[in-house]
Amino acid sequence: MPESVSPTELLALAREAGRRAGLLLRDGRPADLGVAATKSSPIDVVTEMDIAAEKLITGYLSEHRPEDAFLGEEGGTSSGTSGVRWIIDPLDGTVNYLYGLPQWAVSIAAELDGEVVAAAVEAPMRGEAYYAVRGGGAFRVRTGNNPEQMYCRPAAPLEQALIGTGFNYVTAVRTAQAALAQRLIPQVRDIRRSGSAAIDLCDVGGGRLDGFYERGLFPWDLAAGDLIARESGARTGGRPGQGPDGELTVAATPAVFDLLQPLLEELGAWHD
């Protein structure tokens, strides 16, 4: 690792960029953005807010580290020369944001030479932020409180595990995923669908879920949350022997992971 690159410094930048973007999204959301309007200007406003948040993040990070690369959901992608790449989801949980639901977050990960070394997830409507540095543990900060270290839940049998998941917005794919969830439900305590993979991964790390799985995630959906979950003691992966990716992402307490991952493989969670 180059001496000039400190994961702790990268984390500080990620946290501040996430905080600023979170405030922009929370305070800049139009008052008339509601569930009754699902086309035309309301959808455009959300898109504009996505882009505005990503521009804020990339602008702030570029100001401090102009040689870094970016991979952003809203097209803020560029190459760099420093070995550092920022993986950014400026608004994870866009549909929740559109409807005024609180489950949305800003997700920022810093990748060094292909490995994520720092991660920050800002959840303004929860009044919480989550962060981690590789090898340094994961932490949660509630507004007005000191950071507290995050730990995943103690071991539990699969039938007592609360599992989070997400569904695709393509009808045929979502229908197949719902059918799979129907087969999984009898084998676990229950299933939750929050609408934000970044928050779900942090909730595995923070003990609010025993496990999580989803197919179809992009790097910006999972990069930060994956590190936070792992640094909290959870295990993460994809299909057996593989890392988390768009084919399948799984995160869970170690005991649940050992049972959930092969079960998802058997059920075919990795294909439509």
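Q: Which elements each supply at least two residues of the lining of the largest cavity?
A: To read a lining, one asks which helices and strands contribute to it. In this predicted model, helix H1 (7–28), strand S3 (105–112), strand S4 (115–123) and strand S5 (128–133) each supply at least two residues of the lining of the largest cavity. The largest share, four residues, comes from H1.

Q: How many cavities of 30 Å³ or more does a search of the whole structure find, and what space lies in the largest?
A: The search finds one cavity of 30 Å³ or more. About 50 Å³ of space lies in the largest cavity. Its lining includes Ala14, Arg15, Val106, Ala120 and Tyr130. By class, the lining has eight nonpolar, one polar and three charged residues.

Q: Which residues have the most contacts inside the largest nonpolar core?
A: A core may be read by its number of residues, then by its contacts. The largest nonpolar core has 30 residues, and those with the most contacts inside it are Leu10, Leu25, Ile57, Leu61, Trp86, Ile88 and Ile108. Two or more residues of this core come from each of H1, helix H2 (41–64), strand S2 (84–92), S3, S4 and S5. H1 gives the most, with seven residues.

Q: What space lies in the largest pocket, and which residues are closest to its centre?
A: About 490 Å³ of space lies in the largest pocket. It is lined by 26 residues, of which Glu73, Asp92, Tyr169, Glu214 and Asp221 are the closest to its centre. S2 supplies the largest share of the lining, three residues. The lining comprises nine nonpolar, eight polar and nine charged residues.

Q: How does one read the second largest pocket, and which element gives the most to its lining?
A: The same kinds of description apply. The second largest pocket has a volume of about 310 Å³. Among its 15 lining residues, Arg19, Glu122, Glu128, Ala129 and Thr143 lie nearest its centre. H1 gives the most to this lining, with six residues. The lining residues divide into five nonpolar, three polar and seven charged.

Q: Are the residues on the two faces of strand S8 buried or exposed?
A: A residue counts as buried under 20% relative accessible area. In S8 (residues 162–165), Leu162 and Gly164 on one side and Ile163 and Thr165 on the other are all buried.

Q: Which strands pair with S8?
A: S8 runs parallel to strand S9 (residues 190–192), and three bridges join them. Ile163 stands opposite Ile191 in S9. The chain passes from S8 through helix H4 (residues 171–184) to S9 in a right-handed β-α-β crossover. S8 also pairs in the parallel sense with strand S10 (residues 211–214), over three bridges. There, Thr165 has Tyr213 as its bridge partner.

Note on methods. Residues are numbered from 1 along each chain as its sequence is written. This is a predicted model: local features need pLDDT of at least 70, side-chain atom pairs count only at pLDDT 80 or more; totals for chains, interfaces and linings use all residues. Side-chain values use heavy atoms; hydrogens and water are left out. Buried means under 20% relative accessible area, exposed over 50%, partly exposed in between (1.4 Å probe, protein chains only). Two strands pair if DSSP finds at least two bridges between them. A crossover is right-handed if, with the strands pointing away from the viewer, the path from the first strand over the helix to the second runs clockwise. On a 1 Å grid over the protein atoms alone, a cavity is a set of points where a 1.4 Å probe fits but cannot get out, and a pocket is an open set with protein on both sides within 12 Å along at least five of seven lines; lining residues have an atom within 4 Å of a point. Grid points are joined across faces, edges and corners, and a volume is the space filled by probe spheres set on the points. Ala, Val, Leu, Ile, Met, Phe, Trp, Tyr, Cys and Pro count as nonpolar, Asp, Glu, Lys and Arg as charged, and the others, Gly among them, as polar. A nonpolar core is a set of buried Ala, Val, Leu, Ile, Met, Phe, Trp, Tyr and Cys residues joined through side-chain atoms within 4.5 Å.
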